[in-house]
Amino acid sequence: MADLLSKFRTSLNKSLGGDSWLTKDIGTLFSGEKLRDDALEELETRLLMADAGLEATQWLLDRLQAEIGAGRIKTEKQLREQLKKALLELLQPIAKPLKIPAFIRPYILFVVGVNGVGKTTTIGKLASRFKKDGLSVLLAAGDTFRAAAVQQLTTWSERSGVPILSQGEGADSASVIFDAVQSAKARGLDMVIADTAGRLHTQHHLMDELRKIKRVIQKHDAYAPHEVLLVVDATTGQNALNQAIQFHEAIGLTGIAVTKLDGTAKGGILLAIARRMALPIRYVGLGEAVDDLEVFDAEIYVESLIGSST
Ligand SMILES: Nc1nc2c(ncn2[C@@H]2O[C@H](COP(=O)(O)OP(=O)(O)OP(=O)(O)O)[C@@H](O)[C@H]2O)c(=O)[nH]1
């Protein structure tokens, strides 16, 4: 827990001398006992600059405005407290960890996302995490569009000691995943984590392909896939939100993993996703190593944004 907090802090407080982008020099927003007239404007700028997006920013400012109106924000401490309260209200409902119920076997997890966001890395980290939890996992190399993707996943499979089913470049993605599910059933495995195509000729083709895979897998199990996890890259800001909207419309997501939070001093994209998508943020990526994937915890994230001087 302390380790995670320090990881978050390091990413969110980069070169800000201990405070995050949100709370840096927060005392200067007051003149004496009074919040400056332009304080909300300043907070708005900070939120927008950190990729929080218009909707989450407006929602947070409305909350603060109501507290100011009620005379509850007169000190820096109170401002921090109210910010913390509002952020938790926004984030807590979507901080729902992924649970693998024991009665669903094999549990089928699709991982989707465009190339380069950290999809393969996240699958590798997940495989290792679930294996540590005692689950038997099979990886399905469904990103057949690029040979390198299969190779990369194979490397992760070796690293984490989790078997992989692949058919090489150009194979039909739905058929690879179908085979993997069949094999997992035959071997009595707990879980299939399926990589999916990240790039086809057009976005339209990509979404068609994903819908097809879903249809094929549902011949095995009408309720599958049990989780469709979208991976987005925190450093791409609003693009990450746009990807979430598009993938959700096309195939229906059930959760999101946000990678590379260690690579940005912003991280406000989590707020934008929370407000716009109302989908669980399951995991956050905080580095390239196998253990650098953490279950998203709203309190820890908010604490690292607001600081402990509340
Ligand atoms: N710093 C950091 N780097 C990450 C994280 N997750 C993934 N990466 C890196 O991001 C790069 C892209 O990751 P991949 O897993 O290859 O991404 P992909 O989405 O599978 O994309 P393709 O390989 O292009 O299909 C790699 O260099 C990863 O090591 C993270 O949480 N933090």
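Two strands are taken as paired if DSSP finds at least two bridges between them. In this predicted model, strand 7 (residues 227-233) and strand 8 (residues 255-259) are joined by 5 bridges and run parallel. Within this pair, Val232 has Val258 of strand 8 opposite to it.

**The sheet and the helices on it**

Strands 7 and 8 belong to an open sheet of 8 strands, whose order is 5-4-6-3-7-8-9-10 and whose pairing is mixed. The edges are taken by strand 5 (164-165) and strand 10 (293-295), and because each of these has a single partner strand, one side of each is left without a neighbour in the sheet. Helix 5 packs on this sheet and touches strand 3 (107-112), strand 4 (137-141), strand 6 (191-195), strand 7, strand 8, strand 9 (281-285) and strand 10, while its direction makes about 170° with that of strand 6. Helix 6, for its part, lies across strand 4, strand 5 and strand 6, and runs at about 165° to strand 4.

**Two helix pairs**

The following table sets out the axes of two helix pairs.

| Helix pair | Axes come within | Crossing angle |
|---|---|---|
| Helix 5 and helix 6 | 9 Å | roughly 25° |
| Helix 2 (residues 39-49) and helix 3 (residues 53-69) | 10 Å | roughly 155° |

With axes that cross at roughly 25°, and with angles under 35 degrees counting as roughly parallel, helix 5 is therefore roughly parallel to helix 6. The crossing of these two helices is right-handed. On the side of helix 5 the contact is made by Thr120, Ile123, Gly124, Ala127, Ser128 and Lys131, which meet Ala149, Gln152, Leu153, Trp156, Arg159 and Ser160 in helix 6. By class, the residues of this contact divide into 5 nonpolar, 5 polar and 2 charged.

For helix 2 and helix 3, the angle of roughly 155° falls in the range over 145 degrees, and the two helices are therefore roughly antiparallel to each other. Helix 2 passes helix 3 in a right-handed crossing. Here Leu40, Leu43, Glu44, Leu47 and Leu48 in helix 2 meet Thr57, Leu60, Leu61, Leu64 and Gln65 in helix 3. The contact of helix 2 with helix 3 comprises 7 nonpolar, 2 polar and 1 charged residues.

**The shell around the ligand**

There are 20 residues around the ligand, and those that come nearest are Gly118, Lys119, Thr120, Thr121 and Gly285. Helix 5 (119-132) and helix 6 (147-160) each supply at least two residues of this shell, and helix 5 gives the most, with 3 residues. Divided by class, the shell holds 3 nonpolar, 12 polar and 5 charged residues. Thr120, which is among the residues nearest the ligand, is also one of the helix 5 residues that meet helix 6.

**Backbone features in the loops**

Two cis peptide bonds that precede proline may be noted when the backbone is inspected. The bond from Arg105 to Pro106 is cis, with omega near -10°, and Pro106 is placed in the loop between helix 4 (76-91) and strand 3. Ala224 and Pro225 are likewise joined by a cis peptide bond, with omega of about -10°, and Pro225 is found in the loop between helix 8 (203-217) and strand 7. Lys260, although not a glycine, has a positive phi of about 60°, and this residue lies in the loop between strand 8 and helix 10 (269-277).

Notes
Residues are numbered from 1 along each chain as its sequence is written. This is a predicted model: local features need pLDDT of at least 70, side-chain atom pairs count only at pLDDT 80 or more; totals for chains, interfaces and linings use all residues. A residue is near a molecule or strand if its C-beta atom, placed from the backbone, lies within 6 Å of it. Helices (H or I, at least four residues) and strands (E, at least two) are DSSP runs, numbered from the N terminus. Ala, Val, Leu, Ile, Met, Phe, Trp, Tyr, Cys and Pro count as nonpolar, Asp, Glu, Lys and Arg as charged, and the others, Gly among them, as polar. Two residues are in contact if their C-beta atoms, placed from the backbone, lie within 7 Å. Axes are lines fitted to C-alpha atoms, for helices over the stretch in contact, and angles run from 0 to 180 degrees between N-to-C directions. Angles under 35 degrees count as roughly parallel, over 145 as roughly antiparallel, 65 to 115 as roughly perpendicular and the rest as oblique. A crossing is left-handed if the near helix is turned anticlockwise from the far one by less than a right angle, and right-handed if clockwise.
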